[in-house]
Amino acid sequence: MSAASEPSWRVTLADTTLDEREEAAAVEVLRSRWLSAGPRTRRFEMAFAERLSAADAVAVSSGTAALHLATRALGIGAGDEVVMPSLSFVAAAAVVALHGATPVFADVRSDQDLTVDPAGVAKLVTARTRAIVAMHYGGYPADLAALRALADRHGLLLIEDAAHAPVVHSADGVLGTVGDVGCFSFFATKNITTGEGGMVVARDPEVLARVRAMRSHCLTRSTWDRMRSDDTDYDVTGLGLNYRPTELSSAIGLVQLDKLTGERARRRELVGRYRELLTGVAGLGLPFAGRDGDSALHLCPVVLPPGADRARIRKALAAAGVQTSVHYPPTHQFSHYRSRYPATRPLPVTEAVAGRLMSLPLHARMDEADAAYVARSLVEALTRS
């Protein structure tokens, strides 16, 4: 598609706040003439871990890489089952399946709380269950107390998919640090972006050490270390992959981490404005509107009224210059998962809400006038539909 034919958005779904600070950080890396993982990557890991009050962290090339290395480091494999929400991005199910394990899909709590339902998870635990995935939908904490207790009761691993939720505090602890491992994403639309990138934290330092080794082929010495020494020998202690980040992404990540608090405050203002303007609109649901406490406010989902034509409403909003999306088509309804895991139980809440979900624009470049325009455009589209 040519640039001339691309839509002209008045309010985009997501945007970055990259500016001269990230530009200067990137130029500094280029002038250093070292682009692969090195000292800036280590500084990013340490700074991120400090914000989470974690002992350490491992930077990787994507959120999917984080999930892949975490499940591998935990020893999840053939014959295992991993219970996870279907209302999530497909990455968690994919990495579990790639290990030969079976993703078992669980329902969400309600149309007001789109995180996984611990009571539903409990009903899915079998003798083959090895782990539970808690996905913090939209940056809102899942019920970690209930999920942690369930995991401990059955001797299961708890994996936090915190791709939406960097540096979020909950009553149970900082998200990502309550489970056995926590996996983060720095994709282009996330609160912290490095374009592509991710991070892993773990309660057990030996698990994190395995993640660090597998990130770079299980080599005993990194390329950075070998380039700074006359001794270029190394050993390979296991099966690994190349999931290293770059110094460019890490340098950008350090700047983004510094910006996070201010940008989250802007997101909070915007979500407050949306809720002020959309509360009381007939049939429209505002998930998490009654939720107190910290959140990354990564997404602003709405649940359209029953019978609303989502495609028509999205088209009307696009005509008004408002970009929207859907987070997410349920994983268990994708063709591969339907054919590969036909025994998946019905997920009544997920299936009832999925066709009505729509995400509104939310990012720190917006102002309250943008949120008001989006809300007004949505109400007009609903009135005409």
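Lys190 sits in a loop, between strand β8 (181–185) and strand β9 (198–202). The model is predicted, so every position here is a computed one. The UniProt record gives this lysine two labels. An unreviewed entry places the feature "modified residue: N6-(pyridoxal phosphate)lysine" at Lys190. The feature "active site", also from an unreviewed entry, is placed by UniProt at Lys190 too.

Is Lys190 buried or exposed? Its relative accessible area is 15%. Buried means under 20%, so Lys190 counts as buried. Which residues does Lys190 touch, leaving aside those up to four places away in sequence? They are Ala163, His164, Ser185 and His298.

Now turn to the nonpolar cores. The largest of them has 38 residues. Within this core, the residues with the most contacts are Tyr137, Tyr274, Leu278, Leu284, Leu360 and Leu378. Several elements each give two or more residues to this core: the helices α9 (247–278), α10 (310–319) and α13 (368–384), and the strands β10 (300–303) and β11 (357–360). Helix α13 supplies the largest share, seven residues.

Take Tyr274 as a way into this core. Tyr274 is one of the residues with the most contacts inside the core. Leave out residues up to four places away in sequence, and Tyr274 touches Cys300, Leu360, Pro361, Met366, Ala371, Val374 and Ala375. Apart from this core lies another, of 37 residues. Among its members are Ala106, Ile132, Phe186 and Ala296.

Helix α9 also has a partner to follow. That partner is α1, which covers residues 20–32. The axes of α1 and α9 come within 9 Å. They cross at roughly 150°. How do α1 and α9 run, roughly parallel or roughly antiparallel to each other? Angles over 145 degrees count as roughly antiparallel, so α1 and α9 are roughly antiparallel to each other. Their crossing is right-handed.

Both helices bring a set of residues to this contact. From α1 come Arg21, Glu22, Ala25, Ala26, Val29 and Leu30. From α9 come Glu247, Leu248, Ala251, Ile252, Val255, Gln256, Asp258 and Lys259. Helix α9 thus takes part in the contact with α1 and gives two or more residues to the largest nonpolar core.

Note on methods: Residues numbered from 1 in each chain as written. Predicted model: local features only at pLDDT ≥ 70, side-chain atom pairs only at ≥ 80, totals over all residues. Heavy atoms only, no water. UniProt positions renumbered as here; feature names shortened; annotations may be inferred. Helix = DSSP H or I, 4+ residues; strand = E, 2+ residues; numbered from the N terminus. Buried < 20%, exposed > 50% of the residue type's maximum accessible area, 1.4 Å probe, protein only. Contact = heavy atoms within 4.5 Å. Core = buried A, V, L, I, M, F, W, Y, C linked by side-chain atoms within 4.5 Å. Axes fitted to C-alpha atoms, helices over the stretch in contact; angles between N-to-C directions. Parallel < 35°, antiparallel > 145°, perpendicular 65-115°, else oblique. Left-handed = near helix turned anticlockwise from the far one by under 90°.
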